[in-house]
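Hello,

Here is the structure I promised to pass on. Please have a look at it first, and then read my notes below.

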Amino acid sequence: MTLRISVAQLNFVVGDLAGNAQKIIAAAHQAHARGVRLLLTPELSLCGYAAEDLFLRPAFITACDDAVKVVARGFAGLKHMTVVVGHPAAVGSHSLRSRSVSAPNRINAASVIREGQVLATYAKRELPNYQVFDERRYFVPGHEVCVFEAGEPGAQVRVGLLICEDAWFEAPAREARAAGAELLAVINASPFHAGKAGEREAMMRERVRDSGLALVYAHLVGGQDEVVFEGHSFALQADGSLAARASSFAEEIFDLELTRAGDALHLQGRIEPQRSVDADLWDALVLGVRDYVGKNGFPGAIIGLSGGIDSALVLAIAVDALGPQRVRAVMMPSPYTADISWIDARDMASRLGVQYDEISILPEFEAFKASLAQEFSGLTEDATEENIQARIRGTLLMALSNKSGRIVLTTGNKSEMATGYCTLYGDMAGGFAVIKDLAKTTVFRLARWRNEHDPHGRGSRPIPERIISRPPSAELRPDQKDQDSLPEYDILDAIIERYMENDQGIEEIVAEGYPLADVEKVTRLIKLNEYKRRQSPVGIRVTHRSFGKDWRYPITNKFRA
């Protein structure tokens, strides 16, 4: 017996029910023509993930119900073809039991559809409510098992259906096996962070060893606001060994073959090699930019190019994501801009082939100082004048954005966001914060990685070496260096990681050998600058704790540890 299975590892758009439905229907027809008889789509594929408070709108749920009927009709002519489609669904009031009237009455569902008919609908049982997840706000948990048959008559396999978080717990898989399942099908929308792919494979290995069942893991791909889904669908044999692995950060209909020898099932498919952390980070950032710009209809992007490492990295990412013709770089020198900064900026723009312009901010800066001369009389220059320069640049970039329709990509990194080493309405002005979740040390590492790895095969090194090797500076006063205001970045980033990402206390961090003065300074800056982060643009999440939905701290806060 042989059963061909496909995973529709596709990039869906939240709210585009008609477009998503047609994408699923087209994938099913293509797969069926190749002899596939079981097609798995990702979690909530029909509406896109995550639809957030759209789930609270009755009209949205009704539209999703209608879309399920559309895809079912689209499968009507596919003989012996079973398709699993993820979607939200309303449940009757009896499901609420003792819940308050304000409780959700929706489920995170997956429907099993064959030849135009919905055979079963499964409700996700384990609803995550951590990191970026907020599913208990929208859904009630299911309690039932779903096992269905797939394949042609006489060559069928009993499949137990799970949705994402269900497979991180023992009970759902064990109960599926007790109900007769021979294979686990897990549909997923699991946001990327560095190292997450390995964590998933390890957890699913535990699940198959615990349940004794082989498993197919069907995953989403694409960017949605701050989160990115990397694909990387895979299959495991019942002993936990890898049977197949799909591409990362790319759409594909991934084919597998399931064979039966006696009572034993064997999965087989293409195995993509494991990737480096930096390769995953780069592709996550590129995909995040491409989908944010493309799905929101922006014709291109504008970047303030300073000659420094952060804007250089953002420019390289943007060009890889959008192509040079859709990216514009603008250098805005001030009286404190070093010659090597504009020389390196010109060099990099030339290497990448983007439109490049220089607009001096000196006239505007002098005009601001003249307007404020009476107010500032007798006062020494300080961060006020530095911030004026940054805000002039932000105003110019936003003006160019308004005229062209292109989105401004901001260039601030996580180290700066954490410590407030950035200017509200200045370098924070823009629509999308590409490297918001990258520590400064990671920024340098990725710049070096990109210079050694050209996805376009041209052997280019887009970032001039001097940009990477020179000491970083905001260039807002004479001879300024970042380390005039901050600890060395390797120390700073280590403290941020421990305090912000891992929730370690001040005493714990000091006990690991970090200077008390540095720890006190950094943690104080993190708390003081929460009001700034709240006003920063949405940015791409690549760690398990980003300054987005992962971080929900009060602005007014006197807690020290």
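Helix α9 (residues 383-404) lies across β16, β17 and β19, running at about 165° to β16. Helix α6 (residues 309-322) also lies across β16, β17 and β19 (407-410), at about 165° to β16. Axes here are lines fitted to C-alpha atoms, for helices over the stretch in contact (heavy atoms within 4.5 Å), and angles run from 0 to 180 degrees between N-to-C directions. Helices (H or I, at least four residues) and strands (E, at least two) are DSSP runs, numbered from the N terminus.

This is a predicted model, in which local features need pLDDT of at least 70, side-chain atom pairs count only at pLDDT 80 or more, and totals for chains, interfaces and linings use all residues. Residues are numbered from 1 along each chain as its sequence is written, and side-chain values use heavy atoms, with hydrogens and water left out.

The strands under those helices belong to an open sheet of 5 strands with parallel pairing, in the order β18-β17-β16-β19-β20. β18 (355-358) and β20 (432-433) are at the edges with a single partner strand each, so one side of each has no neighbour in the sheet. Strands pair if DSSP finds at least two bridges between them; β16 (residues 301-304) and β17 (residues 327-331) are joined by 4, with G304 opposite V330.

Elsewhere, strand β4 (residues 106-114) has 8 of its 9 residues buried (under 20% relative accessible area, 1.4 Å probe, protein chains only). β4 pairs antiparallel with β3 (residues 82-90) over 9 bridges.

Best wishes

How values were computed. Buried < 20%, exposed > 50% of the residue type's maximum accessible area, 1.4 Å probe, protein only.
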